[in-house]
Every structure is written in C-alpha cells, then in structure tokens.
Amino acid sequence: MNIKSYVLALLCLSAGLGCASKNKLVEKYPLSEISRPYTLPDNINSWSVLAFPFESTFLVNPLYWEMSFSDTFSLVWAPLPLGLKWQALNTENHRLGVSAMYLILGGLANINYRYKTAGSWALDLDYNYTSFDVYLIKLDMSTGSIGPLYQFTDRIAGKLFISTFTGRVSSGLVSDILDTAFGGVRSNSSLDFSGTGAGLDLFYSFNHQWNMKAGVSLLNVKGIGSLTPSGNLSVTHLWD
C-alpha cells in the first residue's frame, strides 16, 4: 500500500459536468475563467468528467453533476445529491464561496476567495479539508494554496500556485471492525505527515457550453521521498 498515492489522490480531489440553451448561457455564464462565479447561475446545470492519478493508474469520476436553484446555491450530485455550494460574495473585485460534499467513503470541504483586479489578473486563495476511509486506513488532510491567475484571452487562463498540506493516517473503520470481530487488539497508532507543493492550472473554454481544466503539480511529502509529480483533468458541459 502506497501512502503517497492516497495523499496525491486527496490533493487532486480537493483540488475542482442534453441540449443547451446557448443564449441563456451567454447571458448568465461568462466565457472567461476570471469572471466566472463560484456557483452556477440560476437554472444552469453542469456535468463533468474528472480524472486524476492514483498509484499506477488513473481514477475517473464521470458522474459529477451540479445543478443550481439560485444564483448563490448549487446542489452537487457525485452521483448522489450530497453536496452543496454557496457563493457568499461576488462583486467586481471579490468572490467568496464555500462548499461541502460527502462521497460515500468520506467527504471534503472547500473555501475559495478570489480577488479580481480591474485588468486580467486575479489572486486565488483556497483551503480544502478532506477525510476518507479507504480500505483499512483513514486519511485526514488540510490543504491551503495561494496563487495568481491570469486571463490570457477570453478563452484561455492560467494559474500558478504554491501550497502546504498537513494530515494524518490512522486505522480505518474496516480495520476496527475486523479487530473487534476477531478479538484482535485495536491499534491506535497513526502517522502524521506534511509537505509543500507548487503547480500550474490551465483553463480553456471551447465555447459557453464546453470547457476544460488541466493541472500539474510537484509535491514534497516530508519524510517520504523526493518531489512527486501529480495532475488532474476535468471536462465540463453546461446546459439549462
């Protein structure tokens, strides 16, 4: 079991899919990443396919569906309706949003703040908390990142970021149940870890109905090894 692979998977998750009515999308959802709201506008839906590396393969979630029921609230299905996104603020210069989601094996929460300048620059601050019970272990991790976003054209944007993370690996629910069922001694041992990272996110809008995000990063988990590459990819379709 490769603990580093689980750490990479959590970072990628906390890391973030009909026929469309194009005129409504043009009116309510900007083409450029820098101008987009944290939640979808009222009566707009999206379906995303998400992919990220895990050990020697890729994990793919083709069932990430977001539907809005106001300009500030969205319901997330992944595939169950167990996630909420709330946009607390979206002005000419400031955007603030919060989300929380349960994904069967665990959950995640996100706080995102974006400061937008009058030009093509913005500054993103992200905080993510993830907790997953996978196989016989449980992983809890907090991640914070900061970085500038630049809108090169109406369709293309890029963001450089640096991040720090801390977490703990402990025995999972399955392990505790097996210990209890077979009279074993429950282990309270755990492993704390921390590290830093840096990366690049690229955003591309094919049109108002289709967009893509690709990210690459280098991670340094203290005490585990050298720099480790990671990445993520998502393709999103929007409609009303």
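This report describes aromatic contacts, a strand pairing and an enclosed cavity in a predicted model.

## Aromatic rings

Across the whole structure, a search finds six aromatic pairs. One of them joins Tyr204 and Phe206, whose ring centres are 4.9 Å apart and whose planes make an angle of 85 degrees, an arrangement that is edge-to-face because planes over 60 degrees apart are counted in that way. Neither residue of this pair is counted as buried, because Tyr204 has a relative accessible area of 31% and Phe206 has one of 40%, while buried means under 20%; both values belong to the partly exposed class.

Elsewhere, Phe69, Phe73 and Trp86 are linked by ring pairs into a cluster. A ring can also have a charged side chain over its face, as with Tyr38, where Lys85 lies at 4.8 Å from the ring centre.

## Two paired strands

Strand β2, which covers residues 57–68, pairs with strand β3, which covers residues 73–77, and the two run in the antiparallel sense over four bridges. The connection between β2 and β3 is a hairpin of four residues, and within the pairing Trp65 stands opposite Trp77 of β3.

## The largest cavity

The largest cavity holds about 30 Å³ of space. Its lining is made up of Asp124, Leu125, Asp126, Ser145, Ile146, Gly147, Lys159 and Phe161, and at least two lining residues come from each of the strands β7 (121–134), β8 (137–151) and β9 (156–171). In chemical character, the lining combines three nonpolar, two polar and three charged residues, with Gly147 on the polar side of that division because Gly is counted among the polar residues.

How values were computed
Residues are numbered from 1 along each chain as its sequence is written. This is a predicted model: local features need pLDDT of at least 70, side-chain atom pairs count only at pLDDT 80 or more; totals for chains, interfaces and linings use all residues. Side-chain values use heavy atoms; hydrogens and water are left out. Rings of Phe, Tyr and Trp (its six-membered ring) pair if their centres lie within 6.5 Å; planes under 30 degrees apart count as stacked, over 60 as edge-to-face and the rest as tilted. Buried means under 20% relative accessible area, exposed over 50%, partly exposed in between (1.4 Å probe, protein chains only). A charge sits over a ring if NZ of Lys or CZ of Arg is within 6 Å of the ring centre and within 35 degrees of the ring normal. Two strands pair if DSSP finds at least two bridges between them. On a 1 Å grid over the protein atoms alone, a cavity is a set of points where a 1.4 Å probe fits but cannot get out, and a pocket is an open set with protein on both sides within 12 Å along at least five of seven lines; lining residues have an atom within 4 Å of a point. Grid points are joined across faces, edges and corners, and a volume is the space filled by probe spheres set on the points.
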